Amino acid sequence: MKEYLPARDMDWPLIAITILICGLGVLQIFSATHGTIWQDAWWKQLFWIAAGLLLMWVVTAIDYHTLMAHVVGMYVISLVLLAAVFLVGKQVFGSTRWIPLPLGFHFQVSEFVKLVIILLVARFMTELKSDSLEVRDLLKIAALVAIPMVLVLKEPDLGTALTYLPILAVGALLAGLNWRYVAAIAVVLVLVLPVAGLYFLKDYQKARLVSFLDPDRDPRGTGYQVIQSKIAVGAGGMWGKGLTKGSQTQLRFLPVPHTDFIFSAFAEERGFAGVVLVLALYFMLLMQIVKNAQTAPDRAGMYICMGIAALLLFHVLVNVGMVVGRIPVTGIPLPLMSAGGSSMLSVFLMLGLVNNVRLRRFVN
Amino acid sequence: MKFLPLDHETQHQAPRKPATRDDPKLSSGRIAVFQYAAVGIFLFLIAGFWDLQVRNPELYNELAERNRVKYLPIVAPRGKILDRDGRVIVDNHSSFRVILSRETLKLDHLRPIAEGLRLDNDDLAAQLRRYRNRPKYEPVVIKQELTPADVAFVESHKDPEFFPEMELIHSQGRIYPQEGVAAHVIGYTGEVSEAELDLPEFARYNTGDVIGKFGIERQYNDTLMGVDGQRQVVVDNRGREREVIGIKEAIPGKNLQLTIDLDLQAVAELAMEGRKGAVVALDPRTGEVLAMVSRPIFDPNKFSVRIKTADWKSIIDDPDHPLLNRAIQAQFAPGSTFKPIMAIAGLETGTIDDTTSFFCGGGASFYGHFHKCHLKGGHGTVALHKGIVNSCDVFFYNVGNRMDIDDIAYYADNAGLGQKTGVDLPHEAEGIVPSTKWKIRMFRQKWYQGENISVAIGQGALTVTPIQLARAIGGLAMGGVWHRPHLVKNQPDKPHELELDPENVEKVISGMCGVVNEAGGTGVRAHLAGVEVCGKTGTAQLTSNEYAKSRGIKIKDNAWFVGFAPRKDPEIVVVALFEGGEHGQLAAPIVRDVIKAYFDKKARGGGPPDSLSAAAKPAPPVLTPAAVPVAEIP
């Protein structure tokens, strides 16, 4: 079925906000990396943004119902690729997350599995026959999400693995999970997670948690990143030191100031004023996505948009919370700002899905 | 931006779309939950930034500054020590030290650092413990005078992945002359100890500072030391310097010119080679110390920063006490070298004149005790001149017997005995000039006239240091003008003067001239052609012969010689103490060599002797035994 999709129906405010955030990100990447071995990261990022916008447009062309119809196949391919990471993956900093591609690119499978999980949850929830989500069904979908999660955890990549949870959570919430269960799950999580953490977390992950709780205990070790990030943020003050003027960023006291800690660098050089501006942009971005969920033609479209919103919110919470020392260091990128191709493309694919839903809001 | 459930919108759509189970409207309440959660999360995040950026910007600014700005000491080089002709005795060389930043120190790094620098792990830990109460930003100097291997270790391990707390600092190490030349005069430097830091003298120094510990290095530490500077540098996270933002240059220590003449010093050192004792050469006209030797020696280079425990033990346990500067610290009976003082005291008090004579039959009895003369057969009838030339003990016993001990003490005091000369070196000894007051003070007993007999020949309770004796005889030769001995040039001082009858002085000097230049004189071995050397031998017992015999021990007497030249307007006075030398005659050649070197140099117009040209080059002066004719010891 060939359908007419007028470009003017794209969510242009959403795209404008996206480009604005990306632009600030590129400036920050330039500032944080000029004169270092990563100094070409900023134009690479421009390339990824361009590629992402293109990909976003391409994704809108395929009806999300079609995508959801193929989600089982995509899910299986995801599992195969995640398994393949262990066989042909490239190890960086003690963790294997990337599959090497031709032309020197590296493909982080776990980033794209997010999309599959969004579609999977959306389809599972749509096909429920009842108005509220039964625990039996919740366990089913949880098991389906758990399999790729465990594979990603094994890489090991705790941060990315955790990003699958908010998709499931918001899905369950919107599918009408009884409030009592929501409360019960929350309580169980609070009680069980610390214990489970002791058994399942790697030593460095435990150390990160400990150093999060008491960063001064080991200032040159794992607490170092948190302390340096807080110093950078605090030194920025109200108006910031100015682009390329932040000492913590420029002298590299800040760890990875163009990827995971890009927002520390941004906060040092742009100050509280810049921080509020960018957080407002993220908030507007999220609300724009939520608006698309509300105007979605069906529940499937709503699930997709809300899954994406939940995922992005989680990313912002964990990354920015880490920057101000309020969330443990897990090493997940800040969407649209952190340098890195896989993360950029997966976010643009998600925004493509949002537009995909939006463009079909009057169809049926 | 609207973020609450847009009910009006959904209602607006409602007429066109009937509500079904598939209608997203059913979830609008739950979407609102998500929106409220998002608002909460963003407020939570903004509160985090508010805390850091708006409430405490100064705190984090300071932390950022501390991160990026490092204060590195610039070590001020110590002043050089020069001899009177400007030749370098003590120089500096470029070296490195390694400091540990205590702010970033990780305790489990200590052991590998200690191993890498070949330091004792326990010593290092103990050193850090001593810093416990000091501010954290004060670094610890853990090793000085790094070897190339140490420097390589620090350079390759100061990156963040190893031991970023280490920092290499350029500094200046001390080079002292080899073979201990002038070691006791110069002294040595070392790291200031905890005990010293409590003394007012060292109050202005900090732990880790290298200060003078002994000799000139200690006496003139403030002059020599200089003031360390500081560099404020911006460093990156790997500790690499990016920019210097402030520099306070070090103020180098001032050079110090000594009165020591390296040529004379070298001759005196060689003359004392293998012996125990001391040599002091003074210019009696000014008090300038021309040479000062103490034997046995130590190697100050071993001390220059932190002496190894084993080296320290071997020096401390040496029964000969090499760290003792015998020239100013050895207190021994002067023996017959005291006789010129006795003579002037006898003449000035009118007890004797140059015709007063006594019979020496090899000894004499006083107060029921028989006192031997050193010449068994006796000297026959002896007057003053012969008494000095032949060093007749019986003559001086009689002089002493006729005098009041306090009159003897008066002249000895005026000659500077029994008190510090005030030479500019630490730890000078006083010696003893016995008197009635001294006896009461020390023993709460009155003085017995019989005790005069021993004092008259420089025995008994009387003790002097070599430098005291040189000053006493030099001042006497000057006719009663005693200058304060000193080692650093250009020190104005008011000499001590005593009005003496020039004829009396001439009589004593004539005797001392005879000692060296007349047949039968005890000091003929000090004779020099072309220069009229005057002097006096001394053979001093360390304990009474009877005591030694009763204990069945043999204690060798100390040999003394004090000489000056020329006879008129003396320019140099030299004392040699040859411990266990047994006879004063054996100390005479040492004095002769030094006086000869002085006049040889003067004859050359002040230049160093060809054979000693090696010593004239900057430190360390290399002396070879063949370079200087050594007096034969019969």
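Visitor: Let's start with chain B. Of the contacts between residues at least 6 apart in sequence, what share joins residues at least 24 apart?
Guide: Keep in mind that this is a predicted model. Set aside the pairs in chain B that are under 6 apart in sequence, and look at the contacts that remain. The share of these that join residues at least 24 apart is 72%.

Visitor: And what is chain B built from, in helices and strands?
Guide: Chain B has 634 residues, and 44% of them are buried. Its secondary structure comes to 24 helices and 21 strands.

Visitor: Take helix α6 of chain B. Why do its buried residues line one face of the helix?
Guide: Helix α6(B) covers residues 148-157, and its buried residues are D150(B), F153(B) and V154(B). Look down the axis of α6(B): the buried residues line one face because their directions fall within an arc of 95°.

Visitor: Which residues are exposed on the other side of α6(B)?
Guide: We have just placed D150(B), F153(B) and V154(B) among the buried residues. Turn to the other side of the helix, and the exposed residues there are P148(B), A149(B), A152(B), E155(B) and S156(B).

Visitor: What do the buried residues of α6(B) pack against?
Guide: The buried set is D150(B), F153(B) and V154(B). Their packing partners are elements of chain B, namely β3 (88-100), α4 (110-116), β4 (140-143) and β5 (166-175).

Visitor: Let's zoom in on G363(B). Is it buried, partly exposed or exposed?
Guide: G363(B) sits in strand β14, residues 363-366 of chain B. A buried residue would need 20 or more C-beta neighbours within 10 Å, and an exposed one would have 12 or fewer. G363(B) has 16 inside 10 Å, so it counts as partly exposed.

Visitor: How far apart are the C-alpha atoms of G363(B) and C373(B)?
Guide: Leaving aside neighbours within four places in sequence, G363(B) is in contact with F370(B), H371(B), K372(B), C373(B) and V394(B). C373(B) is ten residues away along the chain, yet the two C-alpha atoms are separated by 4.7 Å.

Visitor: Now chain A. How are helices α2(A) and α14(A) set relative to each other?
Guide: Helix α2(A), residues 41-61, packs against helix α14(A), residues 341-359, with the axes 7 Å apart and an angle of about 30°. The crossing is right-handed. Angles under 35 degrees count as roughly parallel, so α2(A) and α14(A) are roughly parallel to each other.

Visitor: How do the residues of that contact between α2(A) and α14(A) divide by class?
Guide: Residues on the α2(A) side include W48(A), L55(A) and M56(A), while those on the α14(A) side include F348(A), L349(A) and L353(A). The whole contact divides into 14 nonpolar, six polar and no charged residues.

Visitor: What about α5(A) and α7(A): at roughly what angle do they cross?
Guide: Helix α5(A) is residues 109-126 and helix α7(A) is residues 158-174. Their crossing is right-handed, and they are roughly parallel to each other. Their axes come within 10 Å and cross at roughly 15°.

Visitor: Finally, where chain B touches chain A, which element supplies the largest share of the side of chain B?
Guide: The contact takes 41 residues from chain B and 45 residues from chain A. On the side of chain B, α2 (28-55) and α3 (57-68) each supply at least two residues. The largest share, 16 residues, comes from α2(B).

How values were computed:
Residues numbered from 1 in each chain as written. Chains lettered and ligands numbered in written order. Predicted model: local features only at pLDDT ≥ 70, side-chain atom pairs only at ≥ 80, totals over all residues. Helix = DSSP H or I, 4+ residues; strand = E, 2+ residues; numbered from the N terminus. Contact = placed C-beta atoms within 7 Å. Arc of directions from axis to C-beta. Axes fitted to C-alpha atoms, helices over the stretch in contact; angles between N-to-C directions. Parallel < 35°, antiparallel > 145°, perpendicular 65-115°, else oblique. Left-handed = near helix turned anticlockwise from the far one by under 90°. Nonpolar A, V, L, I, M, F, W, Y, C, P; charged D, E, K, R; others polar.
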